[in-house]
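Thanks for asking me to look this one over. Here are my notes, in numbered points, to read alongside the model.

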Amino acid sequence: MMAVLERAQAKPTDQGRIKAELRGRARALGFDAVGFARPDLPREVQSGYRRYIAAGRQGDMDWLARQPERRQSPKALWPEAESAIVLGMNCGPDEDPLAILERRERGAISVCARHRDYHELIKGRLKQLAGWLHGRSGAKVKVFVDTAPLLEKPLAERAGLGWQGKHSNLVSRSFGSWLFLGEILTDLELEPDLPEVDHCGSCRACLDICPTSAFPAPYQLDARRCISYLTIEHQGHIDREFRKAIGNRIYGCDDCLAVCPWNKFASMATEAKLRARDDLRAPALAELARLDDAAFRQRFAGSPIKRTGRDRFVRNVLIAIGNSDEPEMAAVAEERLADASPLVRAMAVWALAQLLAPATLAALAARHRPHEQDADVLLEWQAAAPA
């Protein structure tokens, strides 16, 4: 997302004071980290991005491959830019994000989605800060959150907020894995901060914990194997290879973030709007599986989960039900065999195949398979109860 304010007359003699005032204003607006960088990225970052796209590791996220010449460097995105102001807001959880994985009848929702949609929150605060800078200096400004074509994690590293760890996410010495990022580009020249250096050392905890082996090598992520991608961005049926590994993760995955040793320095989010909603800490899978579209929209109003849509979300819930090892939850999955969505029906079949005895599953197949028209759902029936 982007907002633009036109420039008046910049005052170069004030630039040192402006930078100090920007830090103070940013912290008053709730940002916990502030850094300054030149609006460019090293050639190795740009070439790494191009290799990532060429390998197709972005999966369904087509926007990552769109206009690569603009995305690979802020200066290419906006040639007038002279400085990048990178801001971070602490979103640290108040409990261990991995603990929910043991409660198989409950859904695990990523820390990033247990509260109000951070995009709107951060965008509003960035606009306030950018408006102050424009009024103070006359500078042109453009405001970004992570939906814009900007490689924000390497830019945050250059601004000193942290470094990209072996899991490719930003790690902060002060906040561990838990920073939401936003950026302001400006045509006002400001002294850059020193970039952060890599402190991962020989640690590979984030790589080793990944349930789906989504890291081909340190510092490389294949999104097509990532549970966060599969449960949030992937639009189709989730491949069988990954379903058992998903466990009860119904929106995102925090494993590689939560296990990072640098989280020992992290703290709970101070921004009230980034604290977890009680109903999203450990929601009951049975309840979520029964949501229709209207109930889904009402339940997740103001949440990033809403953007995934009801059908994909219930698809995820049914995979979690199949992994629950709770045979009594088969009744909930059976209710979804007549769902309007093939995504949902297919995963209802898979869930039942994990929970029911073969004879019971065969009887269900006899009742439902003759009326099924979708090829993918029929394939699930064939795998579950061969005709």
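Two strands pair if DSSP finds at least two bridges between them. Please also keep in mind that this is a predicted model.

1. **The β2 and β3 pair.** With that criterion in hand, strand β2 (residues 33-37) and strand β3 (residues 83-90) are joined by 5 bridges and run antiparallel. If you want one bridge to look at, G35 has V86 of β3 as its partner. As for its surroundings, 5 of the 5 residues of β2 are buried, so the strand is largely enclosed by the rest of the structure. In a regular strand the side chains alternate between the two faces of the sheet. Here A33, G35 and A37 lie on one side of β2, V34 and F36 on the other, and both sets are buried.

2. **The β5 and β8 pair.** Strand β5 (residues 141-144) is also covered on both faces: V141 and V143 are buried on one side, K142 and F144 on the other. Do take a moment over K142, a lysine on a covered face. Its bridge partner in β8 is L185. In total, 4 bridges join β5 to strand β8 (residues 179-186), and the two strands run antiparallel.

3. **Helix α5.** Helix α5 (residues 118-137) has 20 residues, and the 28 Å from its first C-alpha to its last is close to the 28 Å expected at 1.5 Å a residue. Its buried residues include Y118, L121, I122, L126, L129, W132 and L133. H119, K123 and R125 are also among the buried residues of α5, so to speak worth a look on your screen. Just after the helix, G138 takes a positive phi of about 80 degrees.

4. **Helix α13.** What is the span of helix α13 (residues 310-322), from its first C-alpha to its last? This helix of 13 residues reaches 18 Å, close to the 18 Å expected at 1.5 Å a residue. α13 is mostly covered, with 12 of its 13 residues buried. R310, R312 and R315 are among those buried residues, as are F313, V314, L318 and I321.

5. **α13 against α15.** Two packed helices are described by the angle between their axes and the distance between the axes. For α13 and α15 these values are about 5 degrees and 8 Å. Angles under 35 degrees count as roughly parallel, and that makes α13 roughly parallel to α15. On the α13 side the contact involves R310, D311, R312, V314, R315, L318, I319, I321 and G322. From α15, the contributors are L343, V344, M347, A348, W350, A351, Q354 and L355.

6. **α15 against α17.** Helix α15 (residues 342-355) also packs with helix α17 (residues 375-384), at an angle of about 5 degrees and with the axes 9 Å apart. This pair is therefore roughly parallel as well. The contact is made by P342, R345, A346, M347, V349, W350 and A353 of α15, together with V377, E380, W381 and A384 of α17. M347 and W350 of α15 take part in this contact and also in the contact with α13.

7. **Cysteines.** How many disulfides does a search of the whole structure find? The search finds 0. A disulfide needs two cysteine sulfur atoms within 2.5 Å. For C91, the closest cysteine sulfur is in C112, 7.9 Å away, which is too far for a bond. C253 has its closest cysteine sulfur in C256, at 6.5 Å, again too far for a bond. Both cysteines are buried, C91 at 5% relative accessibility and C253 at 14%.

8. **C226.** This cysteine lies in the loop between α7 (205-209) and α8 (227-233). Is C226 buried or exposed? At 17% relative accessibility, C226 counts as buried. Leaving aside neighbours within four places in sequence, C226 is in contact with T212, A214 and L221.

9. **Positive phi outside glycine.** Please check two loop residues. S168, in the loop between β6 (163-164) and β7 (170-171), has a positive phi of about 80 degrees although it is not a glycine. D325, in the loop between α13 and α14 (330-335), has a positive phi near 60 degrees. Their settings can be set side by side: S168 is buried, with a relative accessible area of 13%, whereas D325 counts as exposed at 59%.

Definitions and conventions:
Residues numbered from 1 in each chain as written. Predicted model: local features only at pLDDT ≥ 70, side-chain atom pairs only at ≥ 80, totals over all residues. Heavy atoms only, no water. Buried < 20%, exposed > 50% of the residue type's maximum accessible area, 1.4 Å probe, protein only. Expected span 1.5 Å × (residues − 1). Axes fitted to C-alpha atoms, helices over the stretch in contact; angles between N-to-C directions. Parallel < 35°, antiparallel > 145°, perpendicular 65-115°, else oblique. Contact = heavy atoms within 4.5 Å.
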